[in-house]
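Visitor: Could you take me in for a close look at the sheet in this protein, and then show me what sits around it?

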Amino acid sequence: MSEQQRTRPRPSRQVRQRRTIAAALLVVVIIAAIAIGAAAGRGAQASNDATGTPTAPVSTPDPTSSEPSRPSPEVVAPPAPVPAFDKSARSIDDPNSIWLVVNKLRPLNPADYAPGDLVSVGEGEMRAEPAAAFDVMVKAAAADGYSLIAASAYRSYTEQSWIYAGDDELTARPGYSEHQTGLTVDIATPTGQCRIYQCFGDMPEGAWLRDNAWKYGFLLRYPADKTAVTGYEFEPWHFRYIGTDLSTEMHNTGFTTLEEFFGLPAAPVYP
């Protein structure tokens, strides 16, 4: 040992103690760092799936949660298609059918046909079904402030032969008249104003019939603009019973003549 070493003073006890404490603290810090690193490694390893790919944590629903569950959206079925109107549901040839089409090209068969269920209505007779519908219509008109009566209804083959005067646009020949079917009524007011005249269409009663008769199964048979189709001049008093199913269908589709609705030839003249 050199003289210089022998003469260097030794550290004091306090200095030695501080150095010892500092060394111990350093050891503790190193051990803690090693422990934290090991724990982090174990957590990362636990989150890996079988392929070693980290997986996102899965949240588990809390069964005690008070939040209501959301119902699945309700599946609404599309509306069922409306069936097409069956134009063959009733005959247009059978004189007993309420859809019978009579015109200058389509005479009654037999020519002297007479319905078997005639009942009284106003000043004449009609078949039972149209007579009941006419009664309902008259009451509906009265509720709206209009008074209607049946001026003329069923006419037999013989009666039609008395009326026919040779003017084919005003009067049907016997065997070709809708009145002979028992389904037709000429409507007037109790006062007789414009009875069997075209001015009836300008009266409030005529306007009411034009707008409402279809609701009760009746058709304004000879419109003003369809003479070339029906073969007759405008008759705002002449209403033909066809039943509410057909009258409603014609109203909704805009047809105003039976010829056009059923796709029949126009009948302006006799063959």
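Guide: Here is a walk through the sheet, followed by its surroundings. Keep in mind that this is a predicted model.

Start with the sheet itself. It is open and has four strands, in the order β3-β4-β6-β5, with antiparallel pairing. The edge positions go to β3 (149-152) and β5 (218-220); each has a single partner strand, so one side of each is left without a neighbour in the sheet. The sheet isn't flat-stacked like planks, either: on average, and ignoring direction, neighbouring strands are turned by 45° against each other.

Now zoom in on one pair, β4 and β6. Residues 184-188 make up β4 and residues 238-241 make up β6, and three bridges hold this antiparallel pairing. If you want a spot to put your cursor, try T184, which stands opposite R240 in β6.

Next, look for the helix lying across the sheet. That's α3, residues 128-143, and it lies across β3, β4, β5 and β6. Against β5 it runs at about 80°.

Follow the chain back from α3 and you get to a separate strand pair. Here β1 (residues 118-121) and β2 (residues 124-127) run antiparallel, joined by four bridges. V121 stands opposite G124 in β2. The two strands form a hairpin with two residues between them, and in that turn G122 has a positive phi of about 60°.

While you're in that area, look at the loop between α2 (13-46) and β1, where you'll find P110. The peptide bond joining N109 and P110 is cis, with omega at about 10°. That's worth a second glance, as most peptide bonds are trans.

Back to the sheet, and out along the loop between β4 and α5, which is the place of C194. C194 isn't a glycine, yet has a positive phi of about 55°. For context, most residues other than glycine have a negative phi. C194 also forms a disulfide with C199, and their sulfur atoms are 2.0 Å apart. The cut-off for calling a disulfide is 2.5 Å, and by that rule the count comes to one. The link of C194 and C199 is left-handed, with -120° about the S-S bond.

That leaves the pockets, and both of the ones I'll show you draw on strands from the sheet. The largest pocket has a volume of about 460 Å³. It is lined by 29 residues, and the closest to its centre are R155, H179, D186, I196 and W237. D186 should ring a bell, since β4 covers residues 184-188. The elements giving two or more residues to this lining are β3 and α4 (157-163). By class, the lining has 13 nonpolar, eight polar and eight charged residues.

The second largest pocket has a volume of about 300 Å³. Its lining counts 17 residues, with R210, L219, L220, F255 and T256 nearest the centre. L219 and L220 bring you back to the edge strand β5 (218-220). Along with α5 (204-212) and α7 (244-253), β5 supplies at least two residues of this lining. The lining divides into eleven nonpolar, three polar and three charged residues.

Notes. Residues numbered from 1 in each chain as written. Predicted model: local features only at pLDDT ≥ 70, side-chain atom pairs only at ≥ 80, totals over all residues. Heavy atoms only, no water. Pairing = 2+ DSSP bridges. Axes fitted to C-alpha atoms, helices over the stretch in contact; angles between N-to-C directions. Contact = heavy atoms within 4.5 Å. 1 Å grid on protein atoms, 1.4 Å probe; cavity = no way out; pocket = protein on both sides within 12 Å on 5 of 7 lines; lining within 4 Å. Points joined across faces, edges and corners; volume = space filled by probe spheres on them. Nonpolar A, V, L, I, M, F, W, Y, C, P; charged D, E, K, R; others polar.
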